[in-house]
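This report describes the overall build of one protein model and the packing of its interior. The structure comes first, and the description follows.

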Amino acid sequence: MRILLLASAFNSLSQRLHAELRDRLHTVDLQLAGDEEELIDAARRLKPDLVLAPILRTAIPQELWSQLTCLIVHPGPPGDRGPSSLDRAIQDGRTEWAVTVLQAEAELDAGPVWASAPCRLPEYGKSDLYRNEVADAAVEAALLAVERVASGTYAPQPQSGPGWSGAVRTRPVLRQEERRIDWAADSTEAVLRRLRAADSRPGVLDELCGGTWYLHGGHREPVLRGCPGDLLATRAGALCRATTDGAVWIPELRRRTPGGPAGVKLPAVTALGGLLPALPELAAPLMPGEQDGPVWSDVRYQEDGPVGFLRFSFPGGAMSTGHCRRLLAAYRFAVARPTSVLVLGGGRDFFSNGIHLNVIEAAADPAVESWDNITAMDELVDAVLTTTDRLVVAAVGGNAAAGGVMLALAADEVWCRAGSVLNPHYRLMGLYGSEYWTYSLPRRLGAAAAERLTRQALPVSAATAERIGLVDRVLACGPEEFGPSTARLAGLLAASPTAHQRIAAKKAAREADERTKPLDAYREEELAVMHRQFFTPESPYHALRSAFVHKRPVPTGPAARP
């Protein structure tokens, strides 16, 4: 079928559907929502058999849905209606949910149901759930709906009449009045539900250090206590704030500027800058013991016999200069331990998306911060590439892009979850790229395939990544099972009778590659191009980065051409 994928943004779910549909040999065209005339013109020109809209923020015009079958992916069970379905489910503490694919009609979310799939809602933020449990259910339901449309024999179920037995609930937008935290009265659990329900957008509006801010994300603090609402400590850029019965860590803030440009979401300590009072920096133990309990940290190391696990989780998968340096220090600690296999990653959400564009955009000199960030990423990737005394596995539980993919490719093996989406390119940000991609990508795929992948700049599904050799193993499991599954496989790898031979062969291969062309030469060549792109004011990178960070339309014209 020819499918027009209509999306408010080419985000994680729309990218995954784009890749999954292409894997099934459908012809897929992407159209971003916004301009009705442009959308209708695109439909006339492309003549799709079906329009599929994953979690759309605007209504499809009647002129389109009255002439074509238009399917909406709605993040709620059949009968659930409204634009804040997932937000409300999380804030209400729901643990079982569903995704429904329904046909567009005049009344929003009221059209006949083509398919639905259940999903669990464990205690994670909305964006994490959206990319994982909700996305799994959405893809399952959407692919089934596409099959049913293609069959020409399936009759969708109307959400009314004698064949309909479910309840109908129409709920309004979840506004800030309902999201607001009462620090003097709300428990830790209530605060976390509000923070999780708004962790990506819109955030929870609050007063802090004399200003108005949106709070993004939240993690439980098991030990610290204080007067409700007080700031207690900092850790790795996050703030700890007291509740009535405990405390929470808030990783990111975004300034509210009424009448001005939208604020940029930043690590909380960075966002507050000089407004932040003097607070203790309470670092979490890198290698926690049983006595430490469930301490929140974005980087931690654990061991199980001959296997080490270096897990990290940064908001949005973005890695600032500071993130890279802390992870590099942790990596150096990990490779000093007596293990034969080191697993890098293994979390359930983003592996890495490379440099932190928000921190760069907010910096006093974005060019300098861009340079510091990419060189810090390079140092981290170099450390992985030059580890020759053990096997390193990159465990990609969520999505990865740009330098994050190259970080994974620096390992000896790359394992990813079946729901992962990889974007192994830099072109859409107007960058040549670094992180030794000119070494790692051709080494895996060959020069021609590497050039094609970076030029096309399309998302790659886990299945396709395995087929073309970009990854070594795909684990067909849920987000919660990915970590334990990789741990079991890593244990088997360490116990393999060929593990030591593989380590010896790896060392020899690295030495041979170094004689052919030193790693430093790849890095110098890449960074020479990146330096020009960072420090040339007319470089497309600056306009594209700003548009991405501020969620503005991508600029057009020669100055914005990658």
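The text below covers overall dimensions, surface, charge and nonpolar cores.

The model is predicted. Its secondary structure comprises 20 helices and 25 strands. Along the principal axes, the C-alpha atoms occupy a box of roughly 70 × 60 × 50 Å. The radius of gyration is 24 Å, which agrees with the value near 24 Å for a compact globule because that estimate is made for 562 residues.

Of the 562 residues, 56% count as buried. Where two residues at least 6 apart in sequence are in contact, 68% of such contacts join residues at least 24 apart. The protein exposes about 23,600 Å², and carbon and sulfur atoms supply 53% of that area. Its side chains include 61 positive and 66 negative ones, and the centres of these two sets lie 1 Å apart.

The interior holds two separate nonpolar cores, listed here with some of their members.

| Core | Size | Residues named |
|---|---|---|
| Largest nonpolar core | 87 residues | Leu 253 and Leu 310, with the most contacts inside it |
| Second, separate core | 35 residues | including Ile 3, Val 28, Ala 117 and Ala 135 |

In the largest nonpolar core, which has 87 residues, helix α12 (residues 366–385) gives the most, with eight residues.

What does Leu 253 touch, leaving aside residues up to four places away in sequence? Its partners include Leu 208, Trp 213, Tyr 214, Leu 215 and His 216. Leu 239 is also touched by Leu 253, as are Val 264, Lys 265, Leu 266, Ala 268, Ala 271 and Leu 272.

Conventions:
Residues are numbered from 1 along each chain as its sequence is written. This is a predicted model: local features need pLDDT of at least 70, side-chain atom pairs count only at pLDDT 80 or more; totals for chains, interfaces and linings use all residues. Side-chain values use heavy atoms; hydrogens and water are left out. Helices (H or I, at least four residues) and strands (E, at least two) are DSSP runs, numbered from the N terminus. The radius of gyration is taken over C-alpha atoms; the globule rule is 2.2 Å times the number of residues to the power 0.38. Buried means under 20% relative accessible area, exposed over 50%, partly exposed in between (1.4 Å probe, protein chains only). Contact means heavy atoms within 4.5 Å. Accessible areas come from the Shrake-Rupley method with a 1.4 Å probe; for residues, only the protein chains shown count as cover. Lys and Arg count as positive and Asp and Glu as negative; His and the chain ends are not counted. The place of a charge is taken as NZ of Lys, CZ of Arg, CG of Asp or CD of Glu. A nonpolar core is a set of buried Ala, Val, Leu, Ile, Met, Phe, Trp, Tyr and Cys residues joined through side-chain atoms within 4.5 Å.
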